[in-house]
Amino acid sequence: MGDVKPVATLYAKYGNVIASGVAEFLYDRIQKDSYLTPFFVGVNMDALTEHMGDMLCVLTGGPDIYKGKDVIAAHKDMKIDETAFNAVVGHLIKAFEDAGVEEADSALVLAELAGAKDAIITA
Ligand code: HEM
């Protein structure tokens, strides 16, 4: 999982709502954003939703089920710029809201993910 560390206890509080629930809301939103859709052409969105849900599960202190690629390695050839990164994070913030996660809790997860920003942005 690269540099990300678990934010324990949140999974105990929210269960899968903070994992697969957030992932589903996230990619629903991303697929409606014409700035981001070009990045996702040809991607198996069901597999991606599952991997993101599993990553959020591990990150929030749930079972260690992540089987996707290392998060930094997964993005390295995508030429992601800061605008795209911020757009994804914006949708992630909304996805936490959609799922009913309290802001103080989602802030902990977002703070952890912010640590991956410089590694994911490659353009
Ligand atoms: C905090 C930021 C981000 C996190 C935590 C994150 C997390 C993930 C995870 C867990 C995967 C699954 C890897 C796998 O299936 O093996 C993934 C794949 C992917 N991400 Fe991200 N991502 C982030 C930002 C972005 C951004 C900014 C973009 C593009 C604008 C992006 C585009 C993609 C695409 C297209 C894939 C699919 C790769 C493939 O299946 O070939 N991600 N991401």
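## Ligand shell

In this predicted model, 22 residues surround the ligand, and the ones that come nearest are His51, Gly68, Lys69, Ala84 and Val88. Three elements each give two or more residues to this shell: α3, α4 (71–75) and α5 (82–99).

By residue class, the shell around the ligand divides into 18 nonpolar residues, 3 polar and 1 charged.

## Overall fold

The chain has 7 helices and 0 strands. Read from the N terminus, the order of elements is α-α-α-α-α-α-α. The radius of gyration of the chain is 13 Å, close to the 14 Å that the globule rule gives for 123 residues, so the chain is as compact as a globular protein of that length.

Along the principal axes, the C-alpha trace of the chain spans about 35 × 25 × 25 Å.

## Packing of α2 against α3

Two packed helices are described by the angle between their axes and the distance between the axes. For helix α2 (residues 20–30) and helix α3 (residues 45–59), the axes come within 8 Å and cross at roughly 135°. An angle over 145 degrees would count as roughly antiparallel, and 65 to 115 as roughly perpendicular; α2 and α3 are therefore oblique to each other. Their crossing is right-handed.

On the α2 side, the contact is made by Ser20, Val22, Ala23, Glu24, Leu26 and Tyr27. On the α3 side, Met45, Leu48, Thr49, Met52, Gly53 and Leu56 take part. The residues of this contact of α2 with α3 comprise 8 nonpolar, 3 polar and 1 charged.

## Packing of α2 against α5

Helix α2 also packs with α5, at an angle of about 130° and with the axes 8 Å apart. These two helices are therefore oblique to each other as well, and the crossing of α2 and α5 is right-handed.

From α2, the contact involves Gly21, Val22, Phe25, Leu26, Arg29 and Ile30. From α5, the residues are Val88, His91, Leu92, Lys94, Ala95, Phe96, Asp98 and Ala99. The contact of α2 with α5 divides into 9 nonpolar residues, 2 polar and 3 charged.

## Shared residues

Val22 and Leu26 of α2 take part in the contact with α3 and also in the contact with α5. Val88 of α5 is among the residues that come nearest to the ligand, and Val88 also belongs to the contact of α5 with α2.

Note on methods. Residues are numbered from 1 along each chain as its sequence is written. This is a predicted model: local features need pLDDT of at least 70, side-chain atom pairs count only at pLDDT 80 or more; totals for chains, interfaces and linings use all residues. Axes are lines fitted to C-alpha atoms, for helices over the stretch in contact, and angles run from 0 to 180 degrees between N-to-C directions. Helices (H or I, at least four residues) and strands (E, at least two) are DSSP runs, numbered from the N terminus. Angles under 35 degrees count as roughly parallel, over 145 as roughly antiparallel, 65 to 115 as roughly perpendicular and the rest as oblique. A crossing is left-handed if the near helix is turned anticlockwise from the far one by less than a right angle, and right-handed if clockwise. Two residues are in contact if their C-beta atoms, placed from the backbone, lie within 7 Å. Ala, Val, Leu, Ile, Met, Phe, Trp, Tyr, Cys and Pro count as nonpolar, Asp, Glu, Lys and Arg as charged, and the others, Gly among them, as polar. A residue is near a molecule or strand if its C-beta atom, placed from the backbone, lies within 6 Å of it. The radius of gyration is taken over C-alpha atoms; the globule rule is 2.2 Å times the number of residues to the power 0.38.
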